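Colleague: I'm new to this one, could you walk me through it? I'd like to start with the fold and then get to the DNA.

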Protein chains: 2
Amino acid sequence: MTETDIFKALADPTRRHMLERLSAGERNATELREGLAMSQPAISQHLAVLRSAGLIEEEKSGRQMRYRIRPDGLAPVVDWLARYRAFWPERVDRLKTLLREMDQ
Amino acid sequence: MTETDIFKALADPTRRHMLERLSAGERNATELREGLAMSQPAISQHLAVLRSAGLIEEEKSGRQMRYRIRPDGLAPVVDWLARYRAFWPERVDRLKTLLREMDQ
DNA sequence: GCAATAGATAAGTCGATTCTTATATATTAC
DNA sequence: GTAATATATAAGAATCGACTTATCTATTGC
């Protein structure tokens with residue numbers, strides 16, 4: 001759940017792919033496996049990494065596990081990145097647009 | 001220089017520490033080594049990782065190498081993060097404040 | 001109860017990462 | 001030219017990370 005844990009978790013393409021899927025809504029482990037050429041334990045291990053980085057949370061539902069993004073999980077990255085705002089001025093416009101959209 | 005390269009580069013505390021120092025201004029390799037209990041080659045290797053992730057750039061100055069943050073380097077992280085904006089609403093106020101500051 | 005299903009855990013393999021020491025290259029100072 | 005300084009590169013050791021197969025646990029359907 002430290003910055004290091006989070007960046008390590010995000011450093012793997014499979015895990016970023018899983019997060020992307022979860023950003024569309026809850027999924028169980030089997031659903032998250034779809035399209036990935038990887039064993040079931042591998043998926044389970046990736047989910048464990050995301051979980052202990054605080055990026056996802058889970059809920060048991062019968063014999064399934066429903067995974068979802070943990071809203072606060074990326075906060076440390078946002079905060080970390082904010083310290084370097086002086087170095088990405090050309091991204092500011094994009095962010096402003098974003099925030100304007102969110103206001104509506 | 002891919003998302004994966006960048007997140008991997010950021011996943012190491014020593015490298016994040018180096019970036020933080022560089023955010024205060026240019027440094028050469030020897031200066032970046034200060035306070036780190038690590039051999040000179042180790043520093044050099046970390047700098048190579050940051051460089052090939054596109055996060056820093058360097059300029060030769062005599063027998064020294066001056067390192068600095070590459071302004072665009074973090075752009076892929078900003079963009080990636082923006083896709084998850086829906087999941088960090090409580091950070092928006094902070095960002096708004098930030099942008100307001102920058103406008104002044 | 002028993003078979004099937006969903007998922008986690010254990011143990012091992014293999015390549016990648018992060019160090020080390022030794023050495024090479026370029027620049028500066030004298 | 002020679003010694004000292006700044007840095008990079010090479011090679012190797014130790015640890016870590018991402019997989020695998022085998023197995024375990026919990027739940028469901030019949």
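Modeller: What follows goes through the strands, the DNA contacts and the pockets in turn.

Modeller: Please keep in mind that this is a predicted model, in which local features need pLDDT of at least 70 and side-chain atom pairs count only at pLDDT 80 or more, while totals for chains, interfaces and linings use all residues. Residues are numbered from 1 along each chain as its sequence is written, chains are lettered from A and ligands numbered from 1 in the order in which they are written, and side-chain values use heavy atoms, with hydrogens and water left out.

Colleague: OK, which strand of chain A pairs with β3(A) over 6 bridges?

Modeller: Strand β2 of chain A, residues 56-61, pairs with β3(A) in the antiparallel sense; strands pair if DSSP finds at least two bridges between them, and helices (H or I, at least four residues) and strands (E, at least two) are DSSP runs, numbered from the N terminus. Within that pairing, A:E57 stands opposite A:R68.

Colleague: And how many residues lie between β2(A) and β3(A) in the hairpin?

Modeller: There are 2 residues between them, and A:G62 in the turn has a positive phi of about 65°. Strand β1 of chain A, residues 27-28, is also antiparallel to β3, residues 64-69, and is joined to that strand by 2 bridges, with A:N28 partnered by A:R66.

Colleague: Switching to the DNA, which residues come nearest to strand C?

Modeller: A:T30, A:S44, A:Y67, B:S39 and B:H46 come nearest, out of 23 residues around DNA strand C, where a residue is near a strand if one of its heavy atoms lies within 4 Å of it. By class, that surface has 7 nonpolar, 10 polar and 6 charged residues, counting Ala, Val, Leu, Ile, Met, Phe, Trp, Tyr, Cys and Pro as nonpolar, Asp, Glu, Lys and Arg as charged, and the others, Gly among them, as polar.

Colleague: What do the atoms of strand C within 4 Å of the protein belong to?

Modeller: Sugar or phosphate accounts for 61% of them, and the rest belong to bases. An N or O atom in the side chain of B:S39 lies 2.6 Å from a phosphate oxygen of DNA strand C, the side chain of A:S44 has an N or O atom 2.7 Å from a phosphate oxygen of DNA strand C, and for A:A29 a backbone N or O atom is 3.1 Å from one.

Colleague: And strand D, which residues come nearest there?

Modeller: Of the 24 residues around DNA strand D, the nearest are A:S39, A:H46, B:T30, B:Q40 and B:Y67. Sugar and phosphate make up 59% of the atoms of DNA strand D that come within 4 Å of the protein.

Colleague: What does B:R63 lie 3.1 Å from?

Modeller: A polar side-chain atom of B:R63 lies that far, 3.1 Å, from a base oxygen of DNA strand D, and an N or O atom in the side chain of A:R63 is 3.4 Å from a base oxygen of DNA strand D. For B:A29, a polar backbone atom is 3.2 Å from a phosphate oxygen of DNA strand D.

Colleague: Last topic, which elements supply the lining of the largest pocket?

Modeller: In chain B, α3 (29-33), α4 and β3 (64-69) each supply at least two residues, and the lining includes B:N28, B:R33 and B:M65. The lining divides into 4 nonpolar, 5 polar and 2 charged residues.

Methods: Polar contact = N/O pair within 3.5 Å; in protein donor to acceptor, adjacent residues only side chain to side chain. 1 Å grid on protein atoms, 1.4 Å probe; cavity = no way out; pocket = protein on both sides within 12 Å on 5 of 7 lines; lining within 4 Å.
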